[in-house]
Amino acid sequence: MTKNIMIVGVGGQGSLLASKLLGQILLSAGYDVKVSEVHGMSQRGGSVVTYVRFGDKVYSPVIDKGEADYIVSFELLEAARYVEYLKPEGHIVVNTQQIDPMPVITGNAAYPKNLVEKMKASGAQVDAFDALKIANEAGSSKAVNIALMGKLSKRFEFTEEQWLDALEKCVPEKFIELNKKAFKLAREA
């Protein structure tokens, strides 16, 4: 049976490293894994989506509406934007950070309110937490991606050691300890 994970965020937040980490742990567990990076206007702070599909045999990397088992989101509005891709009773792991999109910055729109409540009302199981706070606690705001993976890791049967081993294979050596700390803090939060 194929499982589907969408990683959504704003350009430059580290979604590609997050998908690489997921791919690494799933491949090491023997799954067939397909990863597709769908870039938006990433260089301008635009929406970025990455699909990760795994199972015994996966033929396509693309996830359609209503097919995602998990959505991992770096930002609240991005999670709300993609909630229709979630399966009924699917899970959203979301950073509560708010990054204003261009219409909000220019004053043409207001940032939507009560997004977590609206996503829950749609039937989604939402795990919202301040990943930026955890990343800063670990030593760098750039570790939000790994904090999100730490929170997501609780939904899988892999051990913490397996996750950390995959992390060591994906992260440059000088950043390993920082990222391990962010992962553990989020996993335990």
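Which residue in S3 does Lys34 stand opposite? To find out, select Lys34 in this predicted model and look across to S3, where Arg53 stands opposite Lys34. This pair is a convenient way into the contact between S2 and S3, two strands that pair in the antiparallel sense over seven bridges.

Next, widen the selection to the whole sheet, which is open and is formed by six strands in the order S2-S3-S1-S4-S5-S6, with mixed pairing. At its edges stand strand S2 (32-38) and strand S6 (125-129), each of which has a single partner strand, so one side of each is left without a neighbour in the sheet. On average, and with direction ignored, neighbouring strands of this sheet are turned by 15° against each other.

Now select residues 47-55, which make up strand S3; nine of the nine residues are buried, so S3 is largely enclosed by the rest of the structure. Colouring by face shows Ser47, Val49, Tyr51, Arg53 and Gly55 on one side, with Val48, Thr50, Val52 and Phe54 on the other, and both of these faces are covered. Arg53, the residue found opposite Lys34 at the start, is thus listed among the buried residues of S3.

From S3, move on to strand S1, residues 3-10, which pairs with S3 in the antiparallel sense over eight bridges; here Val10 is the residue to pick, since it stands opposite Ser47 in S3.

Finally, select residues 68-73 for strand S4 together with residues 86-95 for strand S5, which run parallel and are joined by five bridges. Within this last selection, Ser73 stands opposite Val94 in S5.

Notes:
Residues are numbered from 1 along each chain as its sequence is written. This is a predicted model: local features need pLDDT of at least 70, side-chain atom pairs count only at pLDDT 80 or more; totals for chains, interfaces and linings use all residues. Side-chain values use heavy atoms; hydrogens and water are left out. Two strands pair if DSSP finds at least two bridges between them. Helices (H or I, at least four residues) and strands (E, at least two) are DSSP runs, numbered from the N terminus. Axes are lines fitted to C-alpha atoms, for helices over the stretch in contact, and angles run from 0 to 180 degrees between N-to-C directions. Buried means under 20% relative accessible area, exposed over 50%, partly exposed in between (1.4 Å probe, protein chains only).
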